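Hi there,

Here is the structure I promised to pass on. Have a look at it first, and my notes on what turned up follow below.

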Amino acid sequence: KIMGLDTNNNKAFQIAVWTIFIVAIVGSLIWMRNAGTAQKPTTSSVADTDLLTVVADDYATGLAGATVTVIEYLDFECEACGAYFPLVKRLSQEYKDKVLFVSRYFPLPGHKNGMTSALAVEAAGRQGKYWEMYDLVFEEQKKWGERSAADPTIFERYAEQLGLDMERFRQDVGSQEVKDRVLRDRDSGNQLGVNGTPSFFLNGKKIQNPQGYEAFKALLDNALAQ
């Protein structure tokens, strides 16, 4: 015995202490590595830059060729997107001569009418009424959101309300071309690491969702000043 302990027990105790010490060291190193990674500024790869390039058939409002661009990936059934809708609309009007605002589809699988609403908005866009349908589905979101099943008739009523050619609207909603257009946006979002909505990219970098009008305005003003 050593200091009143059985030698075998003492060795086991020492092994246990060293094991805990080594685990703690390794854990600390991993934590510091991850913390260092998290603190690095966000950078965009060449692929990301390509994905965030505004193209001819993107739905955009504001100043074409602006030095500041905001791209939003959204789901029309997303309540958070609905909450940001009036904020984004207000800012797009106030900064229409300075900033380009781009809207992209990102229907979430958990929303039964996420894809259905996106197809309807895209079909309306084929008749020159994208923004009118965009506004309408967000303004009416509380009436149709969070249903247990997809219901295309909801959006057909909105299309009628906007005076669209209904035969063409139904054909477009059911077409592969319109579906592919929606999926193109969603796929680009997936490649950019979008995992929730709304997701905003300011001049090619993903930003934390601003907490209100003043915070979002400050981001835009700062980008314009650079």
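Please keep in mind that this is a predicted model. Let me start with Tyr134, which is buried at a relative accessible area of 5%. Phe138 is buried too, with a relative accessible area of 6%. The ring centres of Tyr134 and Phe138 are 5.3 Å apart and the planes stand at 85°, so this pair is edge-to-face. Both residues belong to helix H5 (residues 130–139), where a spacing of 4 residues puts about one helical turn between them.

These two rings also have company: Tyr134 and Phe138 form one aromatic cluster with Tyr59, Phe76, Phe85, Tyr105, Tyr130 and Trp131.

Searching the whole structure gives 17 aromatic pairs. Another one to look at is Tyr73 with Phe106: the centres are 6.3 Å apart and the planes are at 90°, so this pair is edge-to-face. Tyr73 sits in strand E2 (residues 68–74), while Phe106 is in the loop between strand E3 (99–105) and helix H4 (114–125), so the pair ties together parts 33 residues apart in sequence. Tyr73 and Phe106 are both buried. You may also like Arg90, whose charged end sits over the ring of Tyr213, 3.6 Å from the ring centre.

Now for the cores. The largest nonpolar core has 30 residues, and Phe76, Tyr105, Met133, Val137, Tyr158 and Phe169 have the most contacts inside it. At least two residues of this core come from each of H4, H5, helix H3 (79–94), helix H7 (152–161), helix H8 (166–173) and helix H9 (176–191). Leaving aside residues up to four places away in sequence, Tyr158 touches Met133, Leu136, Val137, Glu140 and Trp144. Apart from the largest core lies another, of 16 residues, including Leu87, Phe101, Phe200 and Leu220.

Phe200 brings us to strand E4 (residues 199–202). Phe200 and Leu202 point one way from E4, Ser199 and Phe201 point the other way, and all four are buried. In a regular strand, side chains alternate between the two faces of the sheet.

E4 pairs with E2 in the antiparallel sense over 4 bridges, and Phe200 is the bridge partner of Glu72. E4 also runs antiparallel to strand E5 (residues 205–207), joined by 3 bridges, with Phe201 opposite Lys206. E4 and E5 make a hairpin with 2 residues between them, and Asn203 in the turn has a positive phi of about 50°.

Happy browsing, and do write back with any thoughts.

Best wishes

Terms used:
Residues numbered from 1 in each chain as written. Predicted model: local features only at pLDDT ≥ 70, side-chain atom pairs only at ≥ 80, totals over all residues. Heavy atoms only, no water. Phe/Tyr/Trp six-rings, centres within 6.5 Å; stacked < 30°, edge-to-face > 60°. Buried < 20%, exposed > 50% of the residue type's maximum accessible area, 1.4 Å probe, protein only. Lys NZ or Arg CZ within 6 Å of the ring centre and 35° of its normal. Core = buried A, V, L, I, M, F, W, Y, C linked by side-chain atoms within 4.5 Å. Contact = heavy atoms within 4.5 Å. Pairing = 2+ DSSP bridges.
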